[in-house]
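Welcome to a short guided tour of this model. Please keep the 3D view open beside the text as you read.

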Amino acid sequence: MATKKRPPFGGFYNPLSREDDTELTRVGPGTPCGDYLRRYWQPIALVSEVKEMPIPIRVLGEDLVLFRDKSGDLGLVHRHCSHRGTSLEYGIIAEHGIRCAYHGWLYNVDGTVEETPSEPPGSRLKESICHGAYRTHEFAGLVFAYMGPPEETPDFPVYDTLVWPDGNHLVPYKLDMPCNWLQVHENAADPIHTAYLHSIVTGVQFTPAFAELPVIEFFETPLGLLSVATRRCADNLWIRASDVILPNVAQFGTGFVDGSKEKFALCAAFTRWIVPVDDTNCWVIGVRHFNDVIDPRREGREEDIGLGKIDLMGQTDERPYIDRQKSPGDWDAMVAQGPIAIHRNEHLCSTDKGIAQLRRQLRNGIGAVRSGAVPAQPRLYGTGIVPTYNNETILNVPRTTADDTTVLRDFGRKVCAEAIRSEPLPVGERQEQVEKAVRALQAEGAFYPQAAAPAQNFAEGAVNV
Amino acid sequence: MSEPIHHFFQDGPVAVAPYSHAVEVDGWLFVTGQMPILPDGTVPEGIEAQTRTVFDNLRSVMARCGFENAHIVQARVFLTRFEAHYERMNAVYAKLFPPESLPARTCVGVTGLARGCDIEIDLIVKKS
């Protein structure tokens, strides 16, 4: 950050730094952040992308090949053959594994060398080599990989939103972003941009309700951060509370709130990972949720979700440049920060607390891995389901003479405190309990500051200010 | 051959160059390539929505020319990002026609289209 103000017309005195924040941005093998991200299951492809041919793929700076063998098992292996280095994208799919086209070496999906056909009978060469390979897992139409030390493989975390509400239908999607992963992920911890980028500066991109400036707050959760934006919509208050889950996951509510109707949804419309392809490319990859709780009016458009597409404006470069200049979306804002955003040239301000907090949390995780510890994984409960805190809440809390900013802040805190406090409850029952508790607060007028006893406030210690 | 009729509609799809929206000759209608421009002048995001918008514009020109129920004989599709959009465009396109009466079609990848659009489609239509 610049320390001295420069004179007007003083571009000459404002040389920009070219040094990026390598601890957080570089993701290749052996880098601090790369080692950290490799400790978590990462989605790397849509299941629908894996067809009859091997796919050359780059993940975390590593060139790999993804394939499904004839027995149906997925394989994710280093791209270059351990024998003479040609690419296994030209490999021939076998019953179990993949056979290099060049000299016929056969690899199983775990990297075991099964055959070295040009060796003399009795050769034990294959026993001395194991080709680089990674564990995979299919879930919700996504292929996940674990690229860390195999002996530390964590359980696959199933977030509660992925299995609830009953009848929740998940539609996978994947978008390309030609820039560093961090600046894309940070967008989730920057809720104020939803008012400016998506409404005030550029015209309405989602709904007019987004144009109302929110009160924003950030709560620490067992998973990372809850990024909370609370807005007034006439007599209703609307909370858009987004999970920012370490290291690179986030959840969001819908993009089509008009604020006119009460709503209580302790679930998500989007669950997405930002997975680095390399230092200057990443994917937004995840699922859109379809259910009656988050989307009771069925406003989502399933046919516009998938490879390269999502039913929310501005997430790709698939509009003419002139239209994107007139009304730029998330894609334009994030990619235009540069191939790797340079933190030294930023001037973070009061609305950037979430950004600062997220970077701190990431540094803590990176530090833990660097010191030889295992970083915190999403906690698992009895059922193997990980509770999350994302919520889209709209309740009738009419404006009074009280300072409305304080009312909004207090409302956001109390509702999100209930969401966090309720995490031990079983999925489903939890939504009912939290709604009941929030409705009780609403009925007793507790969302007005003069009615609230300070002792009942959400623990101040958890509020990052 | 009868005299060609040049159809141009002030309130039709935005004309981005000097052309008639369509030219009619002997029951045939040659429809100028349409872009995915919405009535408000913007282009929707994504090749799926753009394909639908192009056809909305083509159908509106056909209707204004009195060809709303005419047979689409041939379509030419131009794409600027062929690799990325070919399959996605086809998925939408296939739903626009009964499978037993698909028009003859040519689809080519091109380096650029007017207004920075990613897709353009023109038609040849015949009154039955």
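Let us begin with a hairpin. Strand β14 (residues 224-233) of chain A pairs with β15(A) in the antiparallel sense, over 10 bridges. Please keep in mind that this is a predicted model. Between β14(A) and β15(A) the hairpin has 2 residues, and Ala234(A) in the turn has a positive phi of about 55 degrees. To find your place along the pair, look for Ala229(A), which stands opposite Arg240(A) in β15(A).

**The strand β15(A) and its partners**

How many of the residues of strand β15 (residues 236-245) of chain A are buried? The count is 10 of its 10 residues, and the strand is mostly covered. The cover extends to both faces. On one side the buried residues are Asn236(A), Trp238(A), Arg240(A), Ser242(A) and Val244(A). On the other side they are Leu237(A), Ile239(A), Ala241(A), Asp243(A) and Ile245(A).

Besides β14(A), β15(A) pairs in the antiparallel sense with strand β21 (residues 391-396) of chain A, over 6 bridges. Here Trp238(A), one of the buried residues of β15(A), stands opposite Ile394(A) in β21(A).

Strand β16 (residues 249-252) of chain A also runs antiparallel to β15(A), and 2 bridges join them. Ile245(A) has Val249(A) in β16(A) as its bridge partner. The link from β15(A) to β16(A) is a hairpin through 3 residues. Pro247(A) is found in the loop between these two strands, and the peptide bond that joins Leu246(A) to Pro247(A) is cis, with omega about 0 degrees.

The strand β14 of chain A has a part elsewhere too. In helix α4 (residues 193-200) of chain A, the buried residues are Thr194(A), Ala195(A), Leu197(A) and His198(A). What covers them includes β14 and α6 (330-335) of chain A.

**A sheet of four strands**

Now turn to another part of chain A. An open sheet is formed by 4 strands in the order β5-β6-β7-β8 (chain A), with antiparallel pairing. Its edge strands, each pairing on one side only, are β5 (92-93) and β8 (113-115) of chain A. Strand β6 (residues 98-99) of chain A and strand β7 (residues 106-107) of chain A run antiparallel and are joined by 2 bridges. Arg99(A) has Leu106(A) in β7(A) as its bridge partner.

**Two packed helices**

Two packed helices are described by the angle between their axes and the distance between the axes. Helix α8 (residues 404-421) of chain A packs against helix α9 (residues 429-443) of chain A at an angle of about 155 degrees, and their axes are 9 Å apart. Why do α8(A) and α9(A) count as roughly antiparallel to each other? The reason is that angles over 145 degrees are put in that class, so the pair α8(A) and α9(A) is roughly antiparallel. The crossing of α8(A) past α9(A) is right-handed.

Which residues meet here? From α8(A) come Lys414(A), Val415(A), Glu418(A) and Ala419(A), and from α9(A) come Val434(A), Ala437(A), Val438(A) and Leu441(A). By class, the residues of this contact of α8(A) with α9(A) are 6 nonpolar, no polar and 2 charged.

**Backbone details**

Most residues other than glycine have a negative phi, and most peptide bonds are trans. The table lists places in chain A to check against that background.

| Place | Backbone value |
|---|---|
| Trp164(A) and Pro165(A) | cis peptide bond, omega about 0 degrees |
| Leu246(A) and Pro247(A) | cis peptide bond, omega about 0 degrees |
| Phe9(A) | positive phi of about 55 degrees |
| Ala234(A) | positive phi near 55 degrees |

Pro165(A) sits in the loop between β11 (158-159) and β12 (169-177) of chain A. Phe9(A) lies in the segment before α1 (22-25) of chain A. Is Phe9(A) buried or exposed? Phe9(A) counts as exposed because it has 7 C-beta neighbours inside 10 Å. Ala234(A), in the loop between β14 and β15 of chain A, has 12 C-beta neighbours inside 10 Å and therefore also counts as exposed.

**Where the chains touch**

Finally, look at the contact between the chains. Chain A gives 13 residues to this contact and chain B gives 12 residues. On the side of chain A that touches chain B there are 4 nonpolar, 3 polar and 6 charged residues.

How values were computed: Residues numbered from 1 in each chain as written. Chains lettered and ligands numbered in written order. Predicted model: local features only at pLDDT ≥ 70, side-chain atom pairs only at ≥ 80, totals over all residues. Contact = placed C-beta atoms within 7 Å. Nonpolar A, V, L, I, M, F, W, Y, C, P; charged D, E, K, R; others polar. Axes fitted to C-alpha atoms, helices over the stretch in contact; angles between N-to-C directions. Parallel < 35°, antiparallel > 145°, perpendicular 65-115°, else oblique. Left-handed = near helix turned anticlockwise from the far one by under 90°. Buried ≥ 20, exposed ≤ 12 C-beta atoms within 10 Å, placed from the backbone. Pairing = 2+ DSSP bridges.
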